[in-house]
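Me: I would like to understand the labels people put on a protein model, and how each one is earned. Could you go through them with me?

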Amino acid sequence: MSEQEGGVAGVGMLVAAFVEERGADKALEGMKEAKKSGDFFFDDAAVIRSDDKGKVHISETGDMSTSKGAGIGAGIGAVISLIGGPATLAASALAGAAVGALAVHKDSGFDQDSLKEIGAALPAGTSAIAATTSKKFVEEVRKASEQGETLSIAKDFAGDIGAHLQARQDVLYTVVLTEEGIGVAKVVSSPTMLAVFGIAASESGVVAGQAVVTGEGAAYEVVAGDEKGTAYEAGVATDEGGAVVDAYIPAEDEDKE
C-alpha cells in the first residue's frame, strides 16, 4: 500500500482491532507519519472506539479527495473472476469480510451502518481502525453486492473481531488487489501467541499458508498450486527439535484421483 511514482502498484484495505482503547488512534498516527515519509499510502480511514463505559465513538477522515490508485478499483470483478476453484472461495471469504463488510453507500466514505456493527461488537476499552488506498475500491465492491448481503457480512466480520478482542488478542485483516491478482491475510497476536494466515492468487496459480508461534514453539504449513501440480510443506519446531514434511502431486496424478 505504499505510493510509487506515477501512482500506486495496486489498491488495498486493512482492518485492525486492538485490546487497547487508544490502539486505533496510535495506529492512525503511525500511518500518517508513514504516509508523510512515503512508506505507506491511504486516502480514507475510520477509527471506532469503545470507551471504558462501552460507549462507541466513530471518526472518519478522508486524507485525499482523489486517489492516484482509484482507477484500478474498477477492475476488481475482472481480476477475481480470473481466479478459479478453491482459490476464489478462500479469497472471497477474507476479501469479502474485510472489504465487503465496510463497502460504502452512495455517500462518500465507509458504510456507517457497518462501522456501527463493528463498534457494537467491541468490548469496553477496545478499538478498531479501517483504512483503504482508494474509496473507488470499496465502491466497486458495493456495486457487486446486495445491501442485505453486505450488512450480513459486516455482522459476521464484527463478531470475529469481537471474539478475538474478548480473548485479549489484537487482530489485523488485509486485502491487496493489483492487476496481477489478489492477496489477503489475517494476523492474530497476543503477548503469548502470534498466528498468521494468508493467500495470494492470480491467473498463474495460488499459494496459501498459515503459521503459529507460541512460547512452546512454532508450526507452519504452506500449499501452492498451478496448472503443473500442487506442492505442500509443513513443519514444527520446539526446544526439543523440529521436523519438516513435504509432498508434490503433478497435475496428471491429481486428475486420476
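Reply: Happy to; below, each label is set against the rule behind it. Please keep in mind that this is a predicted model.

Me: Let's start with the whole chain. What makes up its secondary structure, and how much of the chain counts as buried?

Reply: The chain has seven helices and 13 strands. Of its 257 residues, 40% count as buried, a label that requires under 20% relative accessible area. The accessible surface of the chain comes to about 13,100 Å², and carbon and sulfur atoms hold 54% of that surface.

Me: Why is K26 called exposed, while E20 is called partly exposed?

Reply: The cut-off for exposed is over 50%. K26 has a relative accessibility of 56%, so K26 counts as exposed. E20 has 45%, which lies between 20% and 50%, so E20 is partly exposed.

Me: And how do you know that K26 and E20 form a salt bridge?

Reply: The rule asks for a side-chain nitrogen of Lys or Arg within 4 Å of a carboxyl oxygen of Asp or Glu. In K26 and E20 the closest N and O atoms are 3.6 Å apart, so the pair qualifies as a salt bridge. As background, side chains of opposite charge can pair when their charged atoms come close.

Me: How many salt bridges does that rule give, and what makes R22 and D25 one of them?

Reply: The count comes to five salt bridges. For R22 and D25 the N to O distance is 2.9 Å, and that is within 4 Å, so they are included. Both partners are partly exposed: R22 has a relative accessible area of 44% and D25 has 25%.

Me: K36 and E33 are listed at 3.9 Å. Why does that pair count as a salt bridge?

Reply: Because 3.9 Å is within 4 Å, the side chains of K36 and E33 meet the rule. Their places in the chain are worth a look too: K36 and E33 are three residues apart in helix α1 (residues 23–36), which means about one helical turn separates them. K36 is exposed at 69%, whereas E33 is partly exposed at 48%.

Me: Which residues of helix α4 are buried, and how do you know that they share a side?

Reply: In α4 (residues 112–121), the buried residues are S114, L115, I118 and G119. These four cover an arc of only 145° around the axis, so they lie on the same side of α4. K116 and A120, on the other side of α4, are exposed.

Me: What makes strand β7 an alternating strand?

Reply: In β7 (residues 170–178), V171, Y173, V175 and L177 point to one face and are buried. D170, L172, T174, V176 and T178 point to the other face and are not buried. In a regular strand the side chains alternate between the two faces of the sheet.

Me: Why is strand β6 called largely enclosed?

Reply: Seven of the seven residues of β6 (residues 126–132) are buried, so the rest of the structure largely encloses this strand. Both faces are covered: T126, A128, A130 and T132 are buried on one side, and S127, I129 and A131 on the other.

Me: How do you know that β6 pairs with strand β4?

Reply: Pairing needs at least two bridges. β4 (residues 44–50) and β6 have seven, so they count as paired, in the antiparallel sense. Within this pair, V47 stands opposite I129.

Me: What makes strands β9, β10 and β11 neighbours by the same kind of test?

Reply: β9 (residues 193–202) and β10 (residues 205–214) pair in the antiparallel sense over nine bridges. β10 and β11 (residues 217–226) do so over ten bridges. Each count meets the minimum of two, so both pairings stand. G209 in β10 is the bridge partner of G198, and G209 also stands opposite V222 in β11. A hairpin joins β9 to β10 through two residues, and β10 and β11 form a hairpin with two residues between them.

Me: Finally, what makes V244 eligible for a nonpolar surface patch?

Reply: A patch residue needs over 30% relative accessible area. V244, in strand β13 (residues 241–250), has 52%, so V244 passes that cut-off and also counts as exposed. The patch consists of V207, Y220, V222 and V244, with about 300 Å² of accessible area together.

How values were computed: Residues numbered from 1 in each chain as written. Predicted model: local features only at pLDDT ≥ 70, side-chain atom pairs only at ≥ 80, totals over all residues. Heavy atoms only, no water. Buried < 20%, exposed > 50% of the residue type's maximum accessible area, 1.4 Å probe, protein only. Arc of directions from axis to C-beta. Areas by Shrake-Rupley, 256 points an atom, 1.4 Å probe, with all protein chains shown as cover. Patch = residues over 30% accessible without salt bridge, like charges linked within 9 Å, V, L, I, M, F, W, Y side chains within 5 Å.
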